[in-house]
Amino acid sequence: MRLIYLLATLVVCASAASLNKQPTVNEKGKIRYDDCKVYKLHIENKLQLSIINIIQNISEKYNIWKDYDEATKEIHIMVKPQEVKNFLQLLKVYGLKSELMINNVQELIDVEENASELSADSEEFGWTRYYQLHEIEQWLDGILAAYPTVTEGFEVGKSYENRTIRGIKISHKAGNPGIFIESNIHAREWITSATATWFINQLLTSQDEAVRNLAESYDWYIIPVFNVDGFVYSHEKDRMWRKTRQPVESNTCIGTDANRNFDSHWMANGGASSNPCSETFAGPKAFSEPEADALAKFVTSIKDKINIYLSFHSYGQYLLSPYGHTAEEFPENYDDILTIGKAFHDAIAGLAYKTEYRYGSTSSVLYVASGSSVDWVFNTLDVKIGYTIEYRDKGRYGFVLPPVQILPNCEELMAGMIALIGKSKELNYL
């Protein structure tokens, strides 16, 4: 009874605050996250998990950064400053252990913005800051012009706000096996497009023998920014924006988690939310989002050319494979998938940074997640090697990874990619 009363009070407080307090914005109209805190919670029983499940739907006050991890029994949650007292009281009453990971989210955002301002005058595109969509597209135009014999631009389709979802194909000879990379499906995960552009650049410019082998032995289809509307919004209005920007009928909340919107066990087993205000809202139906629908149609049109499908994400340091919708079943080739995953892990762990990646199926290593792009390609198009790569870090910075870590993250990807592709070839998937 006390649980119901306390949670009811919490919801009322949150609702009242949302009516009376608008988000603070700066002079550029961007939402500020002053004194917003990120906590790591350790879940020890089903009662505690049920509390968190209720809390995470109060979107005005709480924002899930990292959903419940079945293996570590952890969840990361951002709390607005006006709700910290109530939140900590709830944790105390129900014995939830917590660790403060980020004391002030806005301070991390300020570091990002300062890095961008310091290097904004440079005409050379580099990887010391995060770029906006128009800058990435301008760079992509330059790459296509500089390497016309081995590159080709392609258009996946249009977003809800009528932006073009662009990609680049890199091909040195006909008949190569194909590898498809989709990046930044979640808007706030800026490290993904930064890493994708760096990887494109390396495929075209590196003289390293292993990288040249990657570049010349395979056809690469790479989308640097998939969720173009959300990405622009995350730069111009709300750094923490995750979803698409299509309004939801009969609801004030906007956007869908595009990586829960694919028609592969859509909304199965609690792997997504039916609440339009949730960060994992799956949409009113599968492929309701024009972005997801366009990607599915495009990938289907070239399905015979794709041997491996990769989706770039952050954060947590995982290499996740199908299935996402259940931990009770595994693909027939799961042993091979794990063998490839180990090669990826070992290559990155062997670098000077000693970064550790966990690998395995999404549902067994992390959490149930239905309707993802990787699972859809795996199940529908029969592409038997597919992974979601969750980049740095484990929560010290979360989605606001400092620009100084862009290049180390990129170096780790390249080491992991060389191993992943090499092992896939050894196992006859290429």
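**A walk through the strands and a pocket**

In strand β12, Y391 stands opposite S314. This pairing offers a starting point for reading the model, which is a predicted one.

The residue S314 belongs to strand β9, which spans residues 308-314. Strand β9 and strand β12, the latter made of residues 385-391, run in the parallel sense and are joined over seven bridges. Strand β9 also pairs with strand β7, residues 178-183; here five bridges link the two, and they too are parallel. Within that second pairing, I308 of β9 has I179 opposite it.

How much of strand β9 is buried? Seven of its seven residues are, so that the strand can be described as mostly covered, where buried stands for under 20% relative accessible area. The cover extends to both faces of β9. On one side lie I308, L310, F312 and S314, and on the other Y309, S311 and H313, all of them buried.

Attention may now turn to another group of strands. Four strands make up an open sheet with antiparallel pairing, and their order is β2-β3-β1-β4. Strands β2 (62-69) and β4 (97-102) each have a single partner strand and therefore stand at the edges, with one side of each left without a neighbour in the sheet. On average, and with direction ignored, neighbouring strands of this sheet are turned by 20° against each other.

Inside this sheet, strand β1, residues 37-42, pairs with the edge strand β4 over five bridges in the antiparallel sense. One position in the pairing of these strands is H42, which stands opposite K97 in β4. A helix accompanies the sheet: α3, residues 84-93, lies across β1, β2, β3 (74-79) and β4. The direction of helix α3 is at about 10° to that of β1.

The last feature on this route is a pocket. The second largest pocket of the model has a volume of about 400 Å³. Its lining is formed by 22 residues, and those nearest the centre are K30, E113, S116, Q132 and H235. Which elements give two or more residues to this lining? They are the helices α4 (105-119) and α8 (228-236). Helix α4 gives the most, with six residues. Sorted by class, the lining of this pocket holds eleven charged, six polar and five nonpolar residues.

Terms used
Residues numbered from 1 in each chain as written. Predicted model: local features only at pLDDT ≥ 70, side-chain atom pairs only at ≥ 80, totals over all residues. Heavy atoms only, no water. 1 Å grid on protein atoms, 1.4 Å probe; cavity = no way out; pocket = protein on both sides within 12 Å on 5 of 7 lines; lining within 4 Å. Points joined across faces, edges and corners; volume = space filled by probe spheres on them. Nonpolar A, V, L, I, M, F, W, Y, C, P; charged D, E, K, R; others polar. Buried < 20%, exposed > 50% of the residue type's maximum accessible area, 1.4 Å probe, protein only. Pairing = 2+ DSSP bridges. Axes fitted to C-alpha atoms, helices over the stretch in contact; angles between N-to-C directions. Contact = heavy atoms within 4.5 Å.
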